[in-house]
Amino acid sequence: MSDHSGYSDKDVQREVAELQAQSATAARIFDLRRIIGGLFVLYGVIVTIAGINPSDATLDKAEGVNINLWTGLGMLLLGIFFLVWLKLRPTPPPVAPEPAETRSPTE
C-alpha cells in the first residue's frame with residue numbers, strides 16, 4: 001500500500017492519531033451538556049432580571065405569583081446543574097484501536 005500512495009505506514013498512523021485527537025477535542029467542545037447548560041443559564045439570567053421588578057399587571061395575570069422570578073431561578077439552577085455535571089463527569093476520550101500487528105489471528 002505504501003508503494004502506490006506515496007505515504008508510509010508511519011505517516012498514515014501519525015495522521016490517524018492527529019484526526020482522533022481532533023475528534024476527541026470536538027466531542028468535548030460540542031458536548032450537549034455544555035450547550036444546554038449555557039443556554040439555560042443565559043435565559044435564566046434574562047428571565048430572573050425580568051422577574052425582579054414585576055409590574056402589577058404581570059402579577060395579576062399570574063394570580064399574585066411572580067412567575068418570571070421563579071421560572072428564571074429554576075432555569076438558572078437547571079443550567080448550573082448541567083454545567084456542574086459536565087465538570088464532574090467530563091466526556092472520556094475515545095479509546096484508540098490497537099494496531100493490527102498485535103491482534104490475535106482469531107479476530
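How many of the 107 residues of the chain count as buried? Here is a friendly walk through that and a few other points.

1. The answer is 13% of the 107 residues. Please keep in mind as you read that this is a predicted model. The accessible surface of the chain comes to about 8600 Å², and carbon and sulfur atoms hold 65% of that surface.

2. On the overall fold, the chain has 5 helices and 0 strands. Read from the N terminus, its elements run α-α-α-α-α. If you look at contacts between residues at least 6 apart in sequence, 72% of them join residues at least 24 apart.

3. Now to the charged residues. The whole structure contains 1 salt bridge, and the partners are Arg33 and Asp31, whose closest N and O atoms are 2.7 Å apart. In general, side chains of opposite charge can pair when their charged atoms come close. Have a look at the burial of both partners too: Arg33 has a relative accessible area of 12%, and Asp31 has a relative accessibility of 11%. Buried means under 20%, so Arg33 counts as buried at its 12%, and so does Asp31 at its 11%.

4. Arg33 deserves a second look. Besides its salt bridge with Asp31, Arg33 lies over the face of Trp85, at 5.0 Å from the ring centre. This brings us to the aromatic residues, since Trp85 belongs to a cluster that ring pairs build together with Phe81 and Phe82.

5. Which rings make an edge-to-face pair with 75° between the planes? The count of aromatic pairs comes to 3. Among them is the pair of Phe81 and Phe82, which is edge-to-face, with 5.8 Å from centre to centre and 75° between the planes. The label follows because planes over 60 degrees apart count as edge-to-face. Phe82 itself is buried, because its relative accessible area of 16% falls under the 20% limit.

6. Finally, a polar residue to find on your screen: Thr58, in helix 4, which covers residues 56-61. The side chain of Thr58 makes a polar contact with the side chain of Ser55, at 2.8 Å. Is Thr58 buried, exposed or partly exposed? Its relative accessible area is 30%, and values between 20% and 50% count as partly exposed, so Thr58 is partly exposed. Thr58 and Asn68 are 10 residues apart in sequence, and their C-alpha atoms are 9.1 Å apart in space.

Methods. Residues numbered from 1 in each chain as written. Predicted model: local features only at pLDDT ≥ 70, side-chain atom pairs only at ≥ 80, totals over all residues. Heavy atoms only, no water. Phe/Tyr/Trp six-rings, centres within 6.5 Å; stacked < 30°, edge-to-face > 60°. Buried < 20%, exposed > 50% of the residue type's maximum accessible area, 1.4 Å probe, protein only. Lys NZ or Arg CZ within 6 Å of the ring centre and 35° of its normal. Helix = DSSP H or I, 4+ residues; strand = E, 2+ residues; numbered from the N terminus. Contact = heavy atoms within 4.5 Å. Areas by Shrake-Rupley, 256 points an atom, 1.4 Å probe, with all protein chains shown as cover. Polar contact = N/O pair within 3.5 Å; in protein donor to acceptor, adjacent residues only side chain to side chain. Salt bridge = Lys/Arg side-chain N within 4 Å of Asp/Glu carboxyl O.
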